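Please open the model in a viewer and keep the selection panel at hand. The tour below proceeds from one selection to the next.

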Amino acid sequence: MSGYEINFDGLVGLTHHYAGLSFGNEASTRHQNSVSNPQLAARQGLLKMKTLADLGHPQAVLPPQERPHLPMLRRLGFSGSDETVLAQAMRQAPQLLSALSSASAMWTANAATVSPSADSADGRVHFTAANLNNKFHRAIEAPTTSAILRAIFRDERYFSHHEALPQVALFGDEGAANHNRLGGDYDRRSVQVFVYGQQQFGGEPGPQRYPARQTREASEAIARLHQLEAQHTVFVQQNPQVIDRGVFHNDVIAVSNQQVLFHHQLAFLHQEQALDSIRRSMALLEQDLVAIDVPDDRVSVDDAVATYLFNSQILTRPDGKMTIVVPEESRQHRGVWNYLSEMAASGGPIDDIRVFDLRESMRNGGGPACLRLRVALNETERQAVNPQVMMNDSLFATLNQWVDRYYRDRLTQADLADPQLLREGREALDALTAILGLGSVYPFQQ
């Protein structure tokens with residue numbers, strides 16, 4: 001294996017709380033108004049990062065965003081001092097304050113779509129920040145996301161950054177959560193598979209109960225921006241019936257790594273045709289698709305959503321075999337755990353299971369795959385990445401100390417109006433940008 005896949009995990013923010021903001025994400029709505037523990041949430045995420053780094057999988061950190069988002073509150077008519085703005089918002093529009101305090105940027109699978117240099121005509125790594133326009137609390141993330149990505153991937157010789165697509169339904173873009181890359185070595189040309197929920201101009205019917213957050217038009221625009229070759233780019237529609245059962249992103253029903261696609265039997269519309277399209281494109285690169293199709297009678301869609309079996313990470317070890325990273329909820333479900341155990345013992349490419357307790361993230365609707373943005377790099381590009389974001393013993397210790405200093409161990413929606421929480425957050429993020437060598441990436445630092 002040559003090249004590297006670096007997982008950039010989102011660090012959970014200081015205002016992590018359960019507001020039930022994400023219609024279509026059943027875990028999010030089910031735990032609305034529960035009491036959260038931001039400190040524990042951040043520690044759980046850091047432990048996952050450090051454990052995987054210790055196992056030899058390159059791991060890096062993406063910082064949280066500033067919340068509550070005072071600039072948007074002011075734009076929406078709240079005025080006066082910061083304290084007055086928070087008090088007005090809590091009194092007049094508490095749900096709006098909750099939305100503008102969401103720590104949802106922690107789920108960095110939605111931060112951007114990334115195309116490696118091996119796939120792009122200009123030989124650079126391309127980043128397009130997701131507009132996330134289906135949910136107001138996420139649609140405000142793109143400007144800061146772009147600033148952070150530019151601070152980490154600075155060298156224009158190797159990295160190309162694109163602004164988010166227009167903020168309209170036609171170009172609804174949810175980032176890498178609906179994007180797969182299938183092939184061989186990470187620094188060799190591969191097939192990019194864009195999974196969309198609905199085509200706005202024509203196409204097959206979409207879901208009826210829950211929204212289709214990713215459009216084909218958005219995926220096609222990103223493929224053009226990233227200068228991808230048509231013969232190595234495949235567009236596949238997600239099964240609208242599973243979207244209506246809570247599969248709000250492709251990464252809740254399928255996950256890929258190199259030549260392996262681990263997916264549910266009902267993941268895609270016209271599934272056999274979709275898989276054949278991927279196989280034909282991979283064959284042009286002399287690669288074979290290894291499709292692990294999980295039957296519905298072994299793991300139902302409802303059980304997949306409840307356990308986040310497919311919101312997992314598949315990582316290649318130095319020996320060429322693969323490890324699957326799943327949440328504790330997958331181990332607690334007898335049927336899902338039996339399937340995973342049989343798969344690991346079957347002699348197939350995935351022969352190792354790692355389980356992580358990510359309860360705080362899971363209760364808000366995000367599993368292991370939601371927390372990470374995959375970036376495939378060659379050796380030269382890896383050397384050009386800001387080294388201060390790479391996980392190691394020193395950074396792990398420093399960030400845990402940082403969390404202990406600034407994070408609360410209990411947070412309710414009523415706490416969001418506390419001006420001290422705003423001050424704590426700004427002080428924390430100011431310190432974090434120094435730790436990670438990011439410069440001024442937040443509005444309050446400008």
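Which strand and which helix each supply at least two residues of the lining of the largest pocket? They are strand E8 (233–237) and H10. The model on display is a predicted one.

**The largest pocket**

Select Phe235, Val236, Gln237, Ala274 and Ser277, which are the closest to the centre of the largest pocket among the 16 residues that line it. The space in this pocket amounts to about 230 Å³. H10 accounts for the largest share of the lining, with 5 residues. Colouring the lining by class gives 7 nonpolar, 6 polar and 3 charged residues.

**The three-stranded sheet**

Next, display E9, E10 and E11, which form an open sheet of 3 strands in the order E9-E10-E11, with mixed pairing. Strand E9 (254–257) and strand E11 (290–294) are the edge strands, each of them pairing on one side only. On average, neighbouring strands of this sheet are turned by 10° against each other, direction ignored. Now restrict the view to E9 and strand E10 (residues 260–264): these two pair in the antiparallel sense, over 4 bridges. To find one such pairing, select Ser256, whose bridge partner in E10 is Leu261.

Add helix H10 (residues 271–283), which packs on the sheet and touches E10 and E11. The direction of H10 makes about 170° with that of E10. Helix H13 (residues 334–344) also packs on the sheet, touching E10 and E11, and its direction makes about 150° with that of E11.

**The largest cavity**

Turn now to enclosed space. A search of the whole structure finds 7 cavities of 30 Å³ or more, and the largest cavity has a volume of about 320 Å³. To centre the view there, select Glu5, His179, Asn180, Arg181 and Arg374, which lie nearest its centre among the 28 residues of the lining. Strand E6 (179–182), E9 and strand E15 (372–377) each supply at least two residues of this lining. The most comes from E15, which gives 5 residues. By class, the lining of the largest cavity divides into 13 nonpolar, 10 polar and 5 charged residues.

**Helix H16 and its partners**

Finally, select helix H2 (residues 38–54) together with helix H16 (residues 393–406). Their axes are 10 Å apart and the helices pack at an angle of about 175°; H2 and H16 are therefore roughly antiparallel to each other. On the H2 side, show Gln39, Ala42, Arg43, Leu46, Leu47, Lys50 and Asp54. These meet Asp393, Phe396, Leu399, Asn400, Val403 and Asp404 in H16. The contact of H2 with H16 comprises 6 nonpolar, 2 polar and 5 charged residues.

Keep H16 in view and add helix H17 (residues 419–436). H16 and H17 pack at an angle of about 170°, with their axes 10 Å apart, which makes H16 roughly antiparallel to H17. From H16, the contact uses Leu395, Thr398, Leu399, Trp402, Arg405 and Tyr406. Their counterparts in H17 are Glu424, Glu427, Ala428, Leu429, Ala431, Leu432, Ile435 and Leu436. By class, this contact of H16 with H17 has 10 nonpolar, 1 polar and 3 charged residues. As a last selection, pick Leu399 of H16, which takes part in the contact with H2 and also in the contact with H17.

Terms used: Residues numbered from 1 in each chain as written. Predicted model: local features only at pLDDT ≥ 70, side-chain atom pairs only at ≥ 80, totals over all residues. Heavy atoms only, no water. Axes fitted to C-alpha atoms, helices over the stretch in contact; angles between N-to-C directions. Parallel < 35°, antiparallel > 145°, perpendicular 65-115°, else oblique. Contact = heavy atoms within 4.5 Å. Nonpolar A, V, L, I, M, F, W, Y, C, P; charged D, E, K, R; others polar. Pairing = 2+ DSSP bridges. 1 Å grid on protein atoms, 1.4 Å probe; cavity = no way out; pocket = protein on both sides within 12 Å on 5 of 7 lines; lining within 4 Å. Points joined across faces, edges and corners; volume = space filled by probe spheres on them.
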